[in-house]
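Subject: Structure for your review

Dear colleague,

Please find below the structure that I am handing over to you, together with its sequence. My findings follow it, and I would be grateful if you read them with the structure open beside you.

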Amino acid sequence: MAAKGNLSAVLRKVDDLCLEERPIPQPGKGEVQISMHAVGICGSDVHYWKRGRIGDFILTAPMVLGHESSGVVSAVGEGVTHLKVGDRVAIEPGASCRYCSFCKEGRYNLCPDMKFAATLQLMAHCADTMFTLLTFVSSKSRPSLPDHVSFEEGALLEPLSVAVHACRRAGISIGSNVLVCGAGPIGLVNLMTAKACGASKVAITDIDEGRLNKAKELGADYIIKVDTTKDSRDLAKKVVDSLGLADQTIECSGAESSFHAAIHATKSGGTLVVVGLGKAEVQFPIVDALVREVDIRGIFRYANCYPTALALVASGAVNVKPLITHHFKLEQSLDAFETSRTGAGGAIKVVIHCNEGYQI
């Protein structure tokens with residue numbers, strides 16, 4: 001399974017995404033080499049490309065983007081016994097220290113020494129990440145994919161894990177009335193995960209009618225188009241008129257006005273989980289949330305969610321296939337990123353296929 005080269009999509013600086021040959025990484029102790037197959041483009045990848053940063057993570061040196069990925073084990077390092085060459089795997093793209101208090105408590109996503117693919121934290125460890133022919137990663141937390149789960153589905157375990165973590169933090173269970181704000185890829189996987197958790201009714205909001213229609217296809221009970229000329233209370237009223245007050249709300253858009261509406265539309269004693277990353281500082285109606293004891297919780301990536309995400313897909317409880325709208329070869333990375341950025345052709349999830357010989 002050896003490759004002649006290691007073609008990679010490298011972000012050199014803002015607006016400078018190029019293809020170049022990189023060194024072929026060799027696995028060390030406890031590591032495996034992965035022949036990359038499917039990699040999804042995340043909104044954070046586009047932010048790096050166009051803005052040079054996502055939140056507090058700032059591009060300071062050239063790096064290979066990507067973290068929603070799957071592939072085939074092509075070499076194993078010393079001490080690796082649970083994976084072998086030829087295994088099909090999904091890649092959980094973070095490696096924590098495993099020794100700090102957060103790791104020992106099972107909240108390894110909060111590890112201060114986390115090395116995560118395609119972020120500043122990874123640069124000192126390995127600049128080669130996912131939009132590449134070959135990469136190497138720790139052998140830990142690499143779920144093997146059953147034969148009936150495709151590489152594309154394996155790549156989408158990463159955003160699905162975000163939804164699993166959000167729904168757990170929200171406490172969604174059988175009979176919940178749930179509001180999801182934002183019908184982008186993360187909003188849509190939260191919709192499907194909430195349903196899989198037993199939510200009886202789910203309403204979803206967005207400014208884009210096409211994405212709302214997709215949400216309806218995926219099981220949304222109510223779709224609510226956001227009128228940007230109206231204030232947040234008007235949107236909250238639309239939600240309440242259809243869904244009622246939400247037991248749990250998951251905000252995925254990152255828009256300040258949506259955050260406001262989410263607070264107003266969540267019942268007293270309910271929970272609001274904020275997933276979308278917008279401005280670093282926002283104003284919000286804190287008194288309304290406090291006097292009604294609306295719990296506001298954040299999430300940061302996920303922890304211990306990949307096995308559940310894989311089980312949801314493998315069992316058919318969640319079908320992520322309809323989210324994948326566009327396919328590109330690695331050599332077409334710039335076109336793929338532009339499609340993801342603009343949403344051209346109704347793009348929801350754009351997947352780049354890195355394996356040589358892939359035919360669209």
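The chain of this predicted model contains eleven helices and 19 strands. Its radius of gyration is 20 Å, close to the 21 Å that the globule rule gives for 360 residues, so the chain is as compact as a globular protein of that length. The C-alpha trace spans about 60 × 40 × 40 Å along its principal axes.

Several totals describe the chain as a whole. Of its 360 residues, 55% are buried. Among contacts with a separation of 6 or more, 68% join residues that are 24 or more positions apart. The chain exposes about 15500 Å², and carbon and sulfur atoms supply 52% of that area. There are 37 positive and 38 negative charges, and the mean positions of the two groups are 2 Å apart.

I then turned to one sheet. Strands 2, 1 and 6 form an open sheet in the order 2-1-6, with antiparallel pairing. Strand 2 (16-21) and strand 6 (63-64) each have a single partner strand and stand at the edges, so one side of each is left without a neighbour in the sheet. Strand 1, which comprises residues 7-13, pairs with strand 6 over two bridges in the antiparallel sense. Which residue of strand 6 is the bridge partner of Val10? The partner is Val64.

Two single residues are also worth locating in the view.

Asn355 is found in the segment after strand 19 (349-353). Is Asn355 buried or exposed? The relative accessible area of Asn355 is 19%, and a residue counts as buried under 20%, so Asn355 is buried. When its neighbours within four places in sequence are left aside, Asn355 is in contact with Met36 and His37.

Gly244 belongs to the loop between helix 7 (232-242) and strand 15 (246-251). With a relative accessible area of 19%, Gly244 is likewise buried. How far apart in space are Gly244 and Glu20, C-alpha to C-alpha? The distance is 53 Å, and the two residues are 224 residues apart in sequence.

I suggest that you find the sheet in the view and then the two residues discussed after it.

Yours sincerely,
A colleague

Conventions. Residues numbered from 1 in each chain as written. Predicted model: local features only at pLDDT ≥ 70, side-chain atom pairs only at ≥ 80, totals over all residues. Heavy atoms only, no water. Helix = DSSP H or I, 4+ residues; strand = E, 2+ residues; numbered from the N terminus. Rg over C-alpha atoms; globule rule 2.2 N^0.38 Å. Buried < 20%, exposed > 50% of the residue type's maximum accessible area, 1.4 Å probe, protein only. Contact = heavy atoms within 4.5 Å. Areas by Shrake-Rupley, 256 points an atom, 1.4 Å probe, with all protein chains shown as cover. Lys, Arg positive; Asp, Glu negative; His and termini not counted. Charge placed at Lys NZ, Arg CZ, Asp CG, Glu CD. Pairing = 2+ DSSP bridges.
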